[in-house]
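Visitor: I'd like to learn how to read a protein model feature by feature. Could you walk me through one?

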Amino acid sequence: MQFHHHGYVSQEPRVQNAAGYGMSRPSDLPDELDVLIVGTGPAGVIAAAQLSQYPDIRTHIIERRDSRLKLGQADGVQARTVETFHCFGFEERIVSEAYRITETAFWNPDPKNPGNIIRTGRTPDDSQDISEFQHIVVNQARVLDYFIEFAERSPGRISPNYGYEFVALEIDDGAEYPVTVTVRSTAGEHEGQERTVRAKYVIGCDGAASKVRKAIGRRLVGDVSNHAWGVMDVLAQTTFPDVRIKSVIHASAGSILHIPREGGHLSRIYVDLGEVPENDNHAIRQTPLEDVIKKANGILHPYTLDVKDVPWHSVYEVGHRVTDKFDNVPEEEVGQRSPRVFITGDACHTHSAKAGQGMNVSMQDGWNISWKLGQVLSGLAPESLLDTYSAERQSVAVDLINFDKQWSGLMAKKPEDFENPGEVEEFYVKTAEFPAGFMTEYGPSIITGDTKYQDLAKGYPIGKRFKAAPVIRIADVNPIYLGHQAFADGRYRIYVFADQAKVGTDSATERLADWLQTSADSPLLRFTPEGADLNSRFEVNVVYQQRYTEFDFTDIPKAFRPDHGPYQLQDYFRVHSVGTISDVNDMEAAQQEPDIYDLREISRDGAIVIVRPDQYVAHILPLDAREELTEFFAQSMTAQR
């Protein structure tokens, strides 16, 4: 990480200096604000964390509880989400306290004795090398804690306003603060009292029973299946040998999805309770815990489960529902007026819990809308940018529902209905990229380009997340993953992959660098506010094809090593060469390894890869496509000079 460029830091470097509204933020909810976030669930806290990087925006987040969440219901954290944690600076800390999933075991009836289960297969969790990040399990409450800590340590100094519940809202598009929100105090001396606040925008992160969703006339559409599951977190003694391994179990008596949890002793167990009779009227949800435990023991036979403690349990029926739009503007009015209210997470999509997608997808919803609101409210982008939120995330939710229908259907199948015992394992491996969080692919829009130049970098599909790869950072000869240095600060990343010309000679790379630094048409100049550092809106990185021993950092054009901060200190983190850790340890061996150009299928003639603030590839262009580069950003940015 980088610090000291604003002056010497001797304390925790992750605590940034307060700025703007963060310097005088009131402890209570004010009467007027820019963004009101309703709910401190996963989508809400990541939205607050991102907006805390925009300290001039008055953002507040309310929560009906009177304090932090103590017992979370979501626990599975996919690799894409851990990558997101890395962007917010706490990946290493949360991974250290989590359970890491490295393998999944599959259990089926013993053909010789169908009343017993036997292990029939094992598969690595990431057999396709999808990500360098881990798949972990950790209490949702701890995830929320880390994001809230980030928001409180950021320039905006955002802390939740606990003890407020959302009641209703009204929208007047012509007003300075178009959304009037009624809230009710749920704790303290003012409990039960209502008041109104006025906001420019509202983000509803208030769960499946969302009052914000109902207030804007949206509703979840879909169905509830006729299958019920009991879920419980247990501390138990068991003879089941894979108690510390994620296990998918199909038995004659039903099915179990068993997931070990953090701490070395806790497990989450999803227990198949079978089909729900018609006209049950949700009576299945009253199934006693003792019955769920008894059912689990029947499925695990011949193994036993002696439950000592159950911190949390529930019974649910699988539902697959999604709203048709994630904001308050009807489809026919898009482009005619700007959305003012947005919904995220369970407020706009619900599904089974067994694929570990709820918390993960919700966080990407919250990140998507928050960086866009940050840009618009800072005067850096037009309001039309906000139209892309619903368009992008609603299609992701539909894909999620379709996937979950398949997965939950397989989990509910009886052993005798499978064509072969390995059917679940085969599906698990074949679809691994989706639950890991890496199948999201945004279509063309004002922030996602077309595929005209995709062949210049085939390994970076436009619209998909930017996949990191090894390089050598020139200034300190450190082997790193390009992409891991991208902090959640709202900036676009421009990755320049140089052509084959030697550093310091006339080349497409050198000409591009000169134009970026000096031309009035350069996006760095056109879209960066007057007086701000040239890297305040864009972080420009370069990767050269020569080895790090063939040139010096000072040979590089200034556009790739800008000055920043009050002392205008040089940024040493943006210049890279091809290579891996072997370059430092064994040069001969390094020559035999594929470099980033090979790994990501980048043209040796060079390419520009633009990456959005939320890590998705926005566009790919040739090194000489200067006019197209500026035109692309002009679609979603407001000129500052």
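Guide: Happy to. Let's start with contact, which means heavy atoms within 4.5 Å. Please keep in mind that this is a predicted model.

Visitor: Which residues does Thr102 touch, not counting residues up to four places away in sequence?

Guide: With those neighbours set aside, Thr102 touches Pro124 and Asp125. Thr102 sits in the loop between strand E4 (99–100) and strand E5 (103–110).

Visitor: Is Thr102 buried, exposed or partly exposed?

Guide: Buried means under 20% relative accessible area, and exposed means over 50%. Thr102 has 49% relative accessibility, so it counts as partly exposed. For a sense of distance, take Val617: 515 residues separate it from Thr102 in sequence, and their C-alpha atoms are 28 Å apart in space.

Visitor: You mentioned E4. What does it pair with?

Guide: E4 pairs with strand E7 (residues 136–137) in the antiparallel sense, over 2 bridges. Within that pairing, Arg100 has Ile136 in E7 as its bridge partner. Both strands belong to an open sheet of 3 strands, ordered E3-E7-E4, with antiparallel pairing. Its edge strands are E3 (76–77) and E4, each pairing on one side only.

Visitor: Now a helix, please. How do I check the length of H4?

Guide: Count 1.5 Å a residue: the 14 residues of helix H4 (residues 140–153) should span 20 Å, and the end C-alpha atoms are 20 Å apart, which agrees. At the N-terminal end, Asn139 acts as a cap, with a side-chain oxygen 3.1 Å from the backbone nitrogen of Ala141.

Visitor: And why is H4 described as largely enclosed?

Guide: Because 10 of its 14 residues are buried, H4 is largely enclosed by the rest of the structure. Among the buried ones are Leu144, Phe147, Ile148 and Ala151. A general idea helps when you look along a helix: an α-helix has 3.6 residues a turn, so residues three or four places apart point the same way. The buried residues of H4 pack against helices H1 (42–51), H2 (79–87), H3 (91–96) and H7 (358–377), and against strand E8 (161–162).

Visitor: How do I describe two packed helices, such as H7 and H8?

Guide: Two packed helices are described by the angle between their axes and the distance between the axes. For H7 and helix H8 (residues 387–412), the angle is about 170° and the axes lie 10 Å apart. That makes H7 roughly antiparallel to H8, since angles over 145 degrees count as such. At the interface, residues of H7 including Val361, Asn368 and Ile369 meet residues of H8 including Tyr389, Val396 and Leu400.

Visitor: Which strand is enclosed in a similar way to read?

Guide: Look at strand E21 (residues 492–497): 6 of its 6 residues are buried, so E21 is largely enclosed by the rest of the structure. Tyr492, Ile494 and Val496 point one way, while Arg493, Tyr495 and Phe497 point the other way.

Visitor: What are the pairing senses of E21 with E22 and with E26?

Guide: E21 pairs with strand E22 (residues 538–544) in the parallel sense over 6 bridges, and Ile494 stands opposite Val540 there. With strand E26 (residues 607–611) the sense is antiparallel, over 5 bridges, and Tyr495 has Val609 as its bridge partner.

Visitor: One last feature: what joins the side chains of Glu317 and Arg285?

Guide: A polar contact of 3.0 Å joins them. Glu317 lies in strand E16 (residues 305–322) and is buried, with a relative accessible area of 12%. Glu317 and Arg285 are 32 residues apart along the chain, and their C-alpha atoms are separated by 7.8 Å.

Technical notes. Residues are numbered from 1 along each chain as its sequence is written. This is a predicted model: local features need pLDDT of at least 70, side-chain atom pairs count only at pLDDT 80 or more; totals for chains, interfaces and linings use all residues. Side-chain values use heavy atoms; hydrogens and water are left out. Buried means under 20% relative accessible area, exposed over 50%, partly exposed in between (1.4 Å probe, protein chains only). Helices (H or I, at least four residues) and strands (E, at least two) are DSSP runs, numbered from the N terminus. Two strands pair if DSSP finds at least two bridges between them. The expected span of a helix is 1.5 Å times one less than its number of residues. A polar contact is a pair of N or O atoms within 3.5 Å; within protein, one must be able to donate a hydrogen and the other to accept it, and residues adjacent in sequence count only if both atoms are side-chain atoms. Axes are lines fitted to C-alpha atoms, for helices over the stretch in contact, and angles run from 0 to 180 degrees between N-to-C directions. Angles under 35 degrees count as roughly parallel, over 145 as roughly antiparallel, 65 to 115 as roughly perpendicular and the rest as oblique.
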